[in-house]
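Visitor: I'd like to walk through this one and hear the reasoning behind the labels. Can you show me the structure before we start?

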Amino acid sequence: MHRTRSIRLSYLFSLAVLLLSFQLSFAQSSPEANAKAETVTLKLASSLMAREMPYRVIVPANYKSSPEVRFPVIYLLHGLTGHYDNWTDRTRVAEYALEHSFIIVTPEGNNGWYTDAATVPNDKYESYIVKELIPEIDKKYRTIADRDNRFIAGLSMGGYGAIKFGLKYPQMFSTVGSFSGALGAAGYNESNAGAIGKSMSAVFGAANSETRRANDIFALIRELTPEAKKQLPFIYQSCGTEDFLIENNRDFVALLVEKKVPHEYRQHPGGHTWPFWDTHVREFLEIVSRRMKK
């Protein structure tokens with residue numbers, strides 16, 4: 001009796017090991033299990049910037065295996081004191097990209113506020129992205145090169161930049177996202193923002209300069225005509241309740257509500273931190289995917 005039971009247990013154990021080995025073998029050999037988003041670092045010889053500009057691209061896992069397919073593109077902008085490699089080095093965005101089929105591009109913005117600087121002739125970060133980088137990506141990769149399939153988002157300085165690009169170039173982007181955005185950037189200077197304001201003065205120039213006026217996203221919203229409002233991209237905005245920029249974000253979303261600009265705003269506990277941005281870049285990918293299916 002005991003011997004028969006032992007034989008049965010041994011048989012069941014052997015069968016379980018065999019099934020597990022088969023499952024592992026199948027998983028390792030299946031294309032889905034081996035799917036991996038490729039991250040590459042490239043440089044663009046920019047005539048506007050008079051130097052080489054680095055950027056990274058996350059290529060979808062099915063890009064090489066589907067040569068007939070073209071892909072939508074998301075541009076992700078970094079924050080002040082950051083660089084083009086922050087998104088891939090400090091978040092799991094490449095992992096999250098496996099759930100979608102986007103080409104993701106992370107440009108270099110240095111401390112340039114994604115603006116053509118008033119005081120530095122070859123710091124033309126806005127024109128560089130719009131006139132050089134985006135055409136370069138559309139040429140180099142199999143993109144769907146139209147507004148409906150192009151998106152832009154960013155954190156802090158990059159959140160400001162993303163919304164500004166959406167407002168100034170609505171024909172280029174269908175959804176824009178800001179995470180902890182420094183949305184009042186064009187109004188900051190050394191007198192009201194200390195050391196951070198110093199970088200703004202270098203970019204935007206003196207108070208009441210034309211560069212400040214042209215890049216003030218609060219003013220751009222206030223001055224919208226009814227026809228221009230119809231052309232705007234959808235705005236996704238988020239900020240942590242412990243973030244020092246929370247009031248700035250609440251003021252901006254209140255203006256969006258007042259002007260009836262289509263948007264989604266989220267705030268929950270969190271600070272000006274990478275864990276918050278990691279969560280919201282994932283949310284942004286999900287939101288873009290859902291909106292594309294509408």
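Guide: Sure, and keep in mind that this is a predicted model. Let's begin with arginine 291, whose charged end sits over the ring of phenylalanine 234, 4.0 Å from its centre.

Visitor: What makes that a charge over a ring?

Guide: The cut-off is CZ of Arg within 6 Å of the ring centre and within 35 degrees of the ring normal. For arginine 291 the distance to the centre of the phenylalanine 234 ring is 4.0 Å, and the charged end does sit over that ring. Arginine 142 gives another case, with its charged end over the ring of tyrosine 63, 4.0 Å from the centre.

Visitor: Tyrosine 63 also pairs with tyrosine 141, and why is that pair called edge-to-face?

Guide: Rings pair if their centres lie within 6.5 Å, and planes over 60 degrees apart count as edge-to-face. Tyrosine 63 and tyrosine 141 are 6.0 Å centre to centre with 65° between the planes, and that earns the name. Tyrosine 63 lies in the loop between strand 2 and strand 3, and tyrosine 141 in the loop between helix 5 and strand 5, so the pair ties together parts that are 78 residues apart in sequence.

Visitor: Are those two tyrosines buried or exposed, and how do you know?

Guide: Buried means under 20% relative accessible area. Tyrosine 63 comes in at 11%, so it is buried, and tyrosine 141 is buried with 11% as well.

Visitor: Why is the pair of phenylalanine 165 and tyrosine 169 called tilted?

Guide: Their ring centres are 6.3 Å apart and their planes sit at 35°, so the pair is tilted. Stacked would need planes under 30 degrees apart, and edge-to-face over 60. Both phenylalanine 165 and tyrosine 169 are buried. The count for the model comes to 14 aromatic pairs, and one aromatic cluster is formed by Trp87, Phe179, Tyr236, Trp274, Trp277 and Phe284.

Visitor: On to charges: what makes arginine 56 and aspartate 89 a salt bridge?

Guide: The rule asks for a side-chain nitrogen within 4 Å of a carboxyl oxygen. In the pair of arginine 56 and aspartate 89, the closest N and O atoms are 2.9 Å apart, and it passes. Arginine 56 lies in strand 2 and aspartate 89 in helix 3, so the pair ties together parts that are 33 residues apart in sequence. Arginine 56 has a relative accessible area of 16%, so it counts as buried. The structure holds 14 salt bridges.

Visitor: How do you know that lysine 164 and glutamate 126 form a salt bridge?

Guide: Their closest N and O atoms are 2.8 Å apart, and the limit is 4 Å. The pair links distant parts of the chain, with lysine 164 in helix 6 and glutamate 126 in helix 5, 38 residues apart. Lysine 164 is at 0% relative accessible area, so it is buried, and glutamate 126 at 5% is buried too. Glu126, Lys164 and Lys168 are linked in a network of salt bridges.

Visitor: Why are glutamate 247 and arginine 250 called partly exposed?

Guide: That label covers values between the 20% limit for buried and the 50% limit for exposed. Glutamate 247 has 45%, so it is partly exposed, and arginine 250 gets the label at 30%. They form a salt bridge, with the closest N and O atoms 2.9 Å apart. Both lie in helix 11, three residues apart, about one turn of the helix.

Visitor: What makes the phi of threonine 81 worth a remark?

Guide: Phi of threonine 81 is near 70°, a positive value in a residue other than glycine. Threonine 81 lies in the loop between strand 3 and helix 3. At 62% it is over the 50% cut-off, so threonine 81 counts as exposed. Serine 180 also has a positive phi, near 55°, in the loop between strand 6 and helix 7. Its relative accessibility is 0%, so serine 180 counts as buried.

Visitor: Last stop, the largest pocket: what lines it?

Guide: The largest pocket has a volume of about 300 Å³. Of its 20 lining residues, the closest to the centre are Leu80, Ser156, Ile196, Phe244 and His272. By class, the lining has 13 nonpolar, six polar and one charged residues. Helix 7 gives the most to this lining, with three residues.

How values were computed: Residues are numbered from 1 along each chain as its sequence is written. This is a predicted model: local features need pLDDT of at least 70, side-chain atom pairs count only at pLDDT 80 or more; totals for chains, interfaces and linings use all residues. Side-chain values use heavy atoms; hydrogens and water are left out. On a 1 Å grid over the protein atoms alone, a cavity is a set of points where a 1.4 Å probe fits but cannot get out, and a pocket is an open set with protein on both sides within 12 Å along at least five of seven lines; lining residues have an atom within 4 Å of a point. Grid points are joined across faces, edges and corners, and a volume is the space filled by probe spheres set on the points. Helices (H or I, at least four residues) and strands (E, at least two) are DSSP runs, numbered from the N terminus. Ala, Val, Leu, Ile, Met, Phe, Trp, Tyr, Cys and Pro count as nonpolar, Asp, Glu, Lys and Arg as charged, and the others, Gly among them, as polar. Buried means under 20% relative accessible area, exposed over 50%, partly exposed in between (1.4 Å probe, protein chains only).
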